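I'm opening a notebook on a structure I haven't looked at before. I'll start with one residue and work outwards from there.

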Amino acid sequence: MPALPAAAVEPGDLIEITNENARYTFTPNGGGLKLIELSRYPETVTRKRDRAQSQRLATLNTAAPVPVLAVLGEGLTDDGVHQLVKTATGVRATKTLTNGLAIVKEFAVTTNYLVAATVRLENRSAAPLHLPAQEYVVGTATPMGADDDGHLVGLLWYNGAKTESITEGWFANRTLGCFPGTPRQVYSAGQSNIVWAAAHNQFFALVAMPDAPAQQVVARQIELPRPGDADPRYQSKPPPKGFLTTLVYPETTLAPGQSLERRIHLFGGPREYRTLAKLAMRFDNNADQVMSFGWAGFVAKPLLLAMNWIHD
């Protein structure tokens, strides 16, 4: 994967946007969404007497090496540092490369855990610019906390007809599901039919929904840093692993003064059926399949709806 150069980012360089559902932290390094903190959901559900000991919120893209909607590709990153500006609805990130290519991103924080994003590639030079294949970062699926063993962390994507699910087992490539095999490094799929892709754990998901299908989806298993607070529960376990997921767009050439714009809606929130069903209806894209009911969906979905009705 094309690397994003490490850049020193001070807390004052970050921009935070908060609404009733979440706090969104944007970083200049990569010019994207660094972290989502879900204000209505704790990291873990604890007994009442233990709640004072754990005040962490559920988070998305936690400790990821790159932010959501970083644009990666050969010659597309430079030093990786964008200029961030707070706007009336969110954040604008701008990066101009030495060859005259400008990358301009607009993030508008809206309701229902949604961020409307636009990425525009502009040729501000006097000569044609050839752009290699670009990878737009969906996000990194990470465990929810020290007690999450990661077996439900993974990638989901939808091709317009069905969903595909990739978890730790695919990368481990075990024989008969238990005997060690040759680990796989990179998952890649799609033929210009990626309607949406989701980096998820058991209860939460980051979903990228482009206005037009992406060419491919790619996922890489990566090792994550241990939490900075040295939680003792982590010390007896291997380092946590995540799945860095990207949408791939084909190489192209921009004439002088020409621009290329892609619009992507980002959902960062709970894998909660009614919330996702509203997304599916709004975007007509079956986003409720992020629930991943699988073969038991014909039973699980009515049962869940009935339980929600009783709860209400």
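**Entry 1: a glutamine in a strand**

I began at glutamine 134, which sits in strand β11, residues 134-141. Before going further, I noted that this is a predicted model.

Is glutamine 134 buried or exposed? Its relative accessibility comes out at 0%, and buried means under 20%, so I put it down as buried.

Next I looked at what its side chain does. A polar atom of the glutamine 134 side chain lies 2.9 Å from the backbone oxygen of proline 132. The glutamine 134 side chain also reaches a second backbone oxygen, that of proline 250, at 3.1 Å.

Then I listed its contacts, leaving aside neighbours within four places in sequence. Among them are Val71 and Leu72, then Leu247, Val248, Tyr249 and Pro250, and also Arg262.

**Entry 2: the sheet around it**

Which strands share a sheet with β11? I found five strands in an open sheet, in the order β5-β11-β18-β17-β14, with antiparallel pairing. At the edges stand β5 (71-72) and β14 (186-189); each has a single partner strand, so one side of each has no neighbour in the sheet. I reminded myself that strands of a sheet pair through backbone hydrogen bonds.

Two of the glutamine 134 contacts, Val71 and Leu72, carry the numbers of β5.

I then walked in from the β14 edge. β14 pairs with β17 (residues 216-223) over four bridges, in the antiparallel sense. Alanine 189 faces valine 217 in β17, while valine 186 has arginine 220 of β17 as its bridge partner.

Arginine 220 took me one strand further. β17 is joined to β18 (residues 241-249) by eight bridges, again antiparallel. The partner of arginine 220 in β18 is leucine 244.

**Entry 3: a hairpin**

I moved on to β12 (residues 154-158) and β13 (residues 163-167), which run antiparallel and are joined by five bridges. Glycine 154 has threonine 167 of β13 as its bridge partner.

What lies between the two strands of this hairpin? I counted four residues there, and glycine 160 takes a positive phi near 100°.

**Entry 4: a glutamate in β1**

For contrast I picked glutamate 16, in strand β1 (residues 15-18). Its relative accessibility is 45%, which is why I logged it as partly exposed.

Not counting residues up to four places away in sequence, glutamate 16 touches Arg23, Tyr24, Thr25 and Lys86. I also checked leucine 35: it is 19 residues from glutamate 16 in sequence, and the two C-alpha atoms are 9.5 Å apart.

**Entry 5: how far to trust it**

Last, I checked the confidence. The protein chain has an average pLDDT of 86, and 83% of the residues score at least 70.

Which elements mark the two ends of the range? Strand β9 (residues 114-123) has the highest mean pLDDT, 98, and helix α4 (residues 297-311) the lowest, 46.

Two stretches went on my caution list. Residues 47-53 stay under 50, and the model gives them one contact beyond four places in sequence. Residues 295-301 are also below 50, with five contacts beyond near neighbours in sequence.

Where pLDDT is low, the predicted coordinates should not be read in detail, so I'm leaving such places alone.

Notes:
Residues numbered from 1 in each chain as written. Predicted model: local features only at pLDDT ≥ 70, side-chain atom pairs only at ≥ 80, totals over all residues. Heavy atoms only, no water. Pairing = 2+ DSSP bridges. pLDDT = per-residue confidence, 0-100. Contact = heavy atoms within 4.5 Å. Buried < 20%, exposed > 50% of the residue type's maximum accessible area, 1.4 Å probe, protein only. Polar contact = N/O pair within 3.5 Å; in protein donor to acceptor, adjacent residues only side chain to side chain.
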